[in-house]
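Biologist: I should like a close look at a single part of this model. Please take the sequence and structure below as the basis for the discussion.

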Amino acid sequence: MKETSKHIKDWKLADNIKTGFTIPENYFTDIEDDFSSKLIEDKLPKHNGFQITKAYFENVENNIIEKTIHKKGKLINFKTRKIKLISVAASIALLLFFGSNFIYNTNTELSSEEIISWLDMNVNSFSNEDIAFALTEINVNNINPYLVIENEDIVESLLNSNDLDYLIEE
Amino acid sequence: MIDEISLVKELQNVQTKQKAFRVLISEYKERLYWHIRKIVISHDDADDVLQNTFIKVFRGIDHFKHDSKLYSWMYRIATNESITFINKRARDRNIDISEIKQELVTNLQSDAWFSGNDIQIILQEAVARLPNKQQLVFNMKYFDHLKYQEISEILGTSVGGLKASYFQAVKKIENYIKTKHN
């Protein structure tokens, strides 16, 4: 074993000097583990056995696109700021931060944009139960005064939508 | 191979976003699906998580600043979504995460979308017993054939650390399979 290590060391040194080739750091240390892993891999099945329908990947594309169109409508609500949900968003965001095992620091100040952006990215992670759990009765009472819908187009669009369940579910 | 920088520009432009997003889905849907599926196990759950992943990509692409490759960024979102999904499932049922993982694998035997034989089920059981990081590294290296450098960009772990994780994972899998055979 010592002989082999000495040989490798000498070879590395000589190789460096003569050819200029270098090797990644720890290469000769890691290679033993790599060999062992490969020997074990050879005994393992190459396929995991999971299957899907042939049409799945064709359909999923349209399903996702359809969802982004729905979400786009909702984004406008935030961005036009006609519905003043910022205080509500802040309450939910902070409560959910706390509820989702994030490190909660009472000194942290989040800007409205950060909160909206965070909610925007994470809205699909919340279930109705999460929101219900996060909101106390006091929070719910506080929401009502801010739910001022000023834009008539939004009201009309909401009333004419056949997909109200989808909006409520969200 | 698509030009990532141009695609991101198109995704960040309101005029071209929708069209570019379709290109993005088309390019990455299969790779992301299989990555997710190996974590959440069932097809229906993988479908949900895949769709949520792309929705988050769509919503977050304006904030993408090329700190990493688009591909790594999306893989990261898919990984987070998958793990969050499993954690949430465990929380909802008030059971431990390792328990829910075992349960998911046990269900494979009656899963219409699983055609694996006994050894493939044992392999899945062994993988499900690994800690999250080792599980991810094993799946990405063994099944997805990603290079350590690529996995490093996705998981934010050094190549050396990944090699150690992979070696540990493979040894544990071997031991589990040996135990099952004896």
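In which helix of chain B is the place of K163(B), and what surrounds that residue?

Modeller: This is a predicted model, in which local features need pLDDT of at least 70, side-chain atom pairs count only at pLDDT 80 or more, and totals for chains, interfaces and linings use all residues. Residues are numbered from 1 along each chain as its sequence is written, while chains are lettered from A and ligands numbered from 1 in the order in which they are written.

K163(B) lies in helix α9 of chain B; helices are DSSP runs of H or I with at least four residues, numbered from the N terminus. K163(B) counts as buried because 21 other C-beta atoms lie within 10 Å, the cut-off being 20 or more, with C-beta atoms placed from the backbone. Leaving aside residues up to four places away in sequence, K163(B) touches D30(A), D33(A) and Y148(B); contact requires C-beta atoms, placed from the backbone, within 7 Å. Between the C-alpha atoms of K163(B) and V137(B), 26 residues apart along the chain, the separation is 8.7 Å.

Helix α9 (159-181) also helps to cover the buried residues of α6(B), as do α5 (97-106) and α7 (132-143) of chain B. Those buried residues of α6 (118-128) are I122(B), L123(B), Q124(B), A126(B), V127(B) and A128(B).

Turning to the two chains as a whole, 27 residues of chain A are in contact with 37 residues of chain B. On the chain A side, α2 (27-41), α3 (56-80) and α5 (112-122) each give two or more residues, and α3(A) provides the largest share, nine residues.

Technical notes: A residue is buried if 20 or more other C-beta atoms lie within 10 Å of its own, exposed if 12 or fewer, and partly exposed in between; C-beta atoms are placed from the backbone.
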